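Hi,

Here's the model I promised to pass along. Have a look, and my notes follow underneath.

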Amino acid sequence: MAVVASAPGKVLMTGGYLILERPNAGVVLSTNARFYAIVKPLYEEMKPDSWAWAWTDVRLTSPQLSRESMYKLSLKNLMLQCVSSSESRNPFVEQAVPYAIAAAHALFDKDKKDALHKLLLQGLDITILGCNDFYSYRNQIEARGLPLTPESLAALPPFTSITFNAEEENGQNCKPEVAKTGLGSSAAMTTAVVAALLHYLGVVDLSPLSKNEGSADLDVVHIIAQTAHCIAQGKIGSGFDVSSAVYGSHRYVRFSPDVLSSAQDALNGTPLQEVMAAILEGKWDHERTKFSLPPSMNLLLGEPGTGGSSTPSMVGAVKRWQKSDPAKAQETWRKLSEANLKLEIQFNILSKLAEENWNAYKCVIDICSKQRSEKWIEQSTEPSQEAVVKALLGARSAMVEIRNLMRQMGEAAGVPIEPESQTRLLDATMDMEGVLLAGVPGAGGFDAVFAVTLGDSGSNVAKAWSSLNVLALLVREDPHGVSLETGDPITKEITAAVSAVHIE
């Protein structure tokens, strides 16, 4: 009966801040870092007196945080009530569970509702596991005296425990110190839980045979994950992180926030089933265009270890600047949109060139991967190769423009979108052999840097970063979105960790 679903983390390559407002677009890359949710019945069979129950049990286990929470779920109004220590609560799962069940009620006929009721009487046992890449293990690596390299990260067992801050000498009231790498763990976790629940309850079929990119089932997962994520956050964000967790890498334009206005009705006592029915029928006007990195290009993510930035406070500062100097803000955003589009166009040209003449494309990538960018122009001996070099240099120049404009916006708003330390690091990175471009992902700040590298040059960049006290993560682009893991080869990688936490 166990269902295992996974959803990927993300890197927002372009569109930081702009993506908050329609019709601005952003390019979001999904990654090989995945959150897994395992859903199975809490009890093997229905208890004889369970037909009279008004509540059922839900257990949520998060082995990496050494946490287990117990809840009572009202079968009438789908309210979820925590009956264990409030320390261990997870607001994202607490919204994902009732909204997923409400969707089942909204979409099912009477027979299916009866079957749903019986299934819920067996309780729900939910386990969540996040790949190590979502969390920072830099402190542990340094504490063990290991070098700051991807090899040190790879030596950690899968789903390593999150370190604890032992502030109390007796070890009581220890809160997990959850330092993150900015891959959108809450969106990936929410999406994985929603997907696993919906498949388990029979609302959607995510098996590989039935799933395709335009699948209506994926759209249902997307709507419920966006709703639960927004409610848990207490605000309606742009939703790009949930969108990439569901659909994988793409170019994204946000949905109109009004589509979630009926979610407020739940707070005013409207039954959740009715609220969810209205949300499912709402006009979801987000736009999604296929996008992924061209062949033989790799995403590399680095953790400088200079302390995190608070995205909400940076977004707030940029919004205040927009209000105080609307003309300048509008001009900056217009230029940024143009630069973002230039970069997208160059990437699309490169993908097309690879398709049309693979040999010429691969030849240029192989040569350029071993040289710094100023030498690339010398490599084109024929028109087909020249076109590849021209597009590579066009992509670089667009990224330089994006970085300049993001820096200007940060200075005007008084926030460190690309702080000086990051500028030095990114300039040094873009000067390395085989590096196409480098930047700060998403809202920027001190959290992370990314690079797009050519061919096999990534390992040399990782070594160079290590000497600059930057930890290269094991994260790569993986354009696939949410996935059902039952019988999938990916599960082999997690088998040891999964069995270690006693999931049947």
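Methionine 297 is a busy residue to start with: leaving out residues up to four places away in sequence, its contacts (heavy atoms within 4.5 Å) include Phe347, Leu392, Leu436, Val452 and Leu454. Bear in mind that this is a predicted model, where local features need pLDDT of at least 70, side-chain atom pairs count only at pLDDT 80 or more, and totals for chains, interfaces and linings use all residues. Residues are numbered from 1 along each chain as its sequence is written, and side-chain values use heavy atoms, with hydrogens and water left out.

Met297 is also among the residues touching the most other members of the largest nonpolar core, along with Tyr17, Leu198, Phe347, Leu392, Leu436 and Trp465. That core has 160 residues, and its largest share, 12 residues, comes from helix H13 (residues 383-413). A core here is a set of buried Ala, Val, Leu, Ile, Met, Phe, Trp, Tyr and Cys residues joined through side-chain atoms within 4.5 Å; buried means under 20% relative accessible area with a 1.4 Å probe, protein chains only.

Now the strands (DSSP runs of E, at least two residues; helices are H or I, at least four). In S12 (residues 435-439), 5 of 5 residues are buried. S12 pairs with S13 (residues 449-454) in the antiparallel sense over 4 bridges, pairing needing at least two DSSP bridges. Leucine 437 sits opposite valine 452 of S13.

On confidence (pLDDT, from 0 to 100 for each residue), the protein chain averages 89. S12 has the highest mean of its elements, 98, and helix H16 (residues 490-500) the lowest, 47.

Cheers

Note on methods:
Buried < 20%, exposed > 50% of the residue type's maximum accessible area, 1.4 Å probe, protein only. pLDDT = per-residue confidence, 0-100.
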